[in-house]
Amino acid sequence: MAVSTVRIAVDLLGGDHGPAVVVDGALQACRADPGMQLLLVGPASVADGFLRALDPDLRERVGARTGPATAAPALGSGRGLDTTVRAAVRAVADGSADAVLSAGPTGATVSAAALGLGRWPGVRRPVLAATVPTAAGLAVLLDVGASVDATPATLAGHAILGAAYASVALGERPRVGLLSIGHETGKGDRVRRATDPLLHELALPAGARYAGLVEGDDVVAGDRADVVVTDGFTGNVLLKGLEAAFDLTGARPAGAPPRAAALLGVAGVAVVCHGAAARAHIASGLALAAHLHRTASVATLTDLITAPGIEMPDNSRGDA
């Protein structure tokens, strides 16, 4: 069966290790997927050199778009700056690409995607969802970096988005858990204590159900929840700790999910890799982006969160 074409805009200046690693990973993904086409976005002085060095079999599937010679800043969204990640997002917005990938600063990528592509109905804060291996299979962890601060309404919105995503990514009616420091009612900080009863009453999409509070060891075991909801600060710390543990012990299972996160809540496919991503991580992120486009994930997930009876919480007040 022929593989459908997917065009992915790649932020050349994202990533801590420079454009060469980003391009190496992009070409690895392109060789593995005969339907993948790449649009390298960055300054001509960088992109042109890579294009000239391409193997003949890839030259028809890799192009470039001249972008600003400015990477997104490490802090803040770079408001007012024209950066490579914004140029890559514009390629999706104008139809030149089907998806965007960046390993640049998370805040800048989230901001560029939200402003350049728009948001899903009722979503004020997009969320980064990572699929992580567990002893029982796979689990969706969110947020892993898009919203560092959170209110109960923010976390309730994460639960809805995570349930919808898990129902598609994992193919089941997911159990949703709220990450805390114990299973008992009343455990956790003020935000967690206020969120727990809210989730008990919240209607979740795709037949998902709220399973209550979960702890860090439950994430590893995977026997209490298929979706683990938390704020972006805690989720990012947990995700990096899990990845480091896999690397140190060699325990990362074969066929483990990509080391990249899908940006949920924006009207287009956007995937974020960690700044320290190596070639293989960039390649796995591109494979995820291709899969999300080919499965029409944005339309499917939008339908799920706007289904009758599902209502995104209003987090427009008091949200930091």
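Biologist: How do helix H5 and helix H10 pack, and are they parallel, perpendicular or oblique to each other?
Modeller: In this predicted model, H5 covers residues 152–169 and H10 covers residues 297–305, with their axes 9 Å apart. The angle at which they pack is about 130°. That falls outside the bands for roughly perpendicular (65 to 115 degrees) and roughly antiparallel (over 145), so H5 and H10 are oblique.

Biologist: Is the crossing of H5 and H10 left-handed or right-handed, and which class of residue, nonpolar or polar, has the higher count in the contact?
Modeller: H5 passes H10 in a right-handed crossing. On the H5 side, Ile160, Leu161, Ala164, Tyr165, Ser167 and Val168 meet Thr300, Leu301, Leu304 and Ile305 of H10. By class there are 2 polar residues, no charged ones and 8 nonpolar ones, so the class asked for is nonpolar.

Biologist: What about H6: at what angle does H5 pack against it, and how many charged residues are in that contact?
Modeller: Helix H6 spans residues 190–201, its axis lies 9 Å from that of H5, and the angle is about 50°. This pair is therefore oblique too, and the crossing is right-handed. H5 brings Pro152, Ala153, Leu155, Ala156 and Ala159, while H6 brings Val191, Arg192, Ala194, Thr195, Leu198 and Leu199. Sorted by class, the contact has 9 nonpolar residues, 1 polar and, for the charged count, 1.

Biologist: Which element gives the most to the largest nonpolar core?
Modeller: That core has 66 residues, and Ile8, Leu38, Leu264 and Leu286 touch the most other members. The element giving the most to this core, with 9 residues, is H5.

Biologist: Which residues does Leu286 touch, leaving out those up to four places away in sequence?
Modeller: Leu286 is one of the core members that touch the most others. With those sequence neighbours not counted, its partners are Ile8, Val10, Gly25, Ala26, Ala29, Met36, Leu38 and Leu101.

Biologist: Now Ala99: is it buried or exposed?
Modeller: Ala99 sits in strand S4, residues 99–102. Its relative accessibility is 0%, and the cut-off for buried is under 20%. So Ala99 counts as buried.

Biologist: And how far is the C-alpha atom of Ala99 from that of Val269?
Modeller: Beyond four places in sequence, Ala99 is in contact with Arg7, Ile8, Ala9, Val92, Val269 and Ala289. Ala99 and Val269 are 170 residues apart along the chain, yet the separation of their C-alpha atoms is 4.7 Å.

How values were computed
Residues numbered from 1 in each chain as written. Predicted model: local features only at pLDDT ≥ 70, side-chain atom pairs only at ≥ 80, totals over all residues. Heavy atoms only, no water. Axes fitted to C-alpha atoms, helices over the stretch in contact; angles between N-to-C directions. Helix = DSSP H or I, 4+ residues; strand = E, 2+ residues; numbered from the N terminus. Parallel < 35°, antiparallel > 145°, perpendicular 65-115°, else oblique. Left-handed = near helix turned anticlockwise from the far one by under 90°. Contact = heavy atoms within 4.5 Å. Core = buried A, V, L, I, M, F, W, Y, C linked by side-chain atoms within 4.5 Å. Buried < 20%, exposed > 50% of the residue type's maximum accessible area, 1.4 Å probe, protein only.
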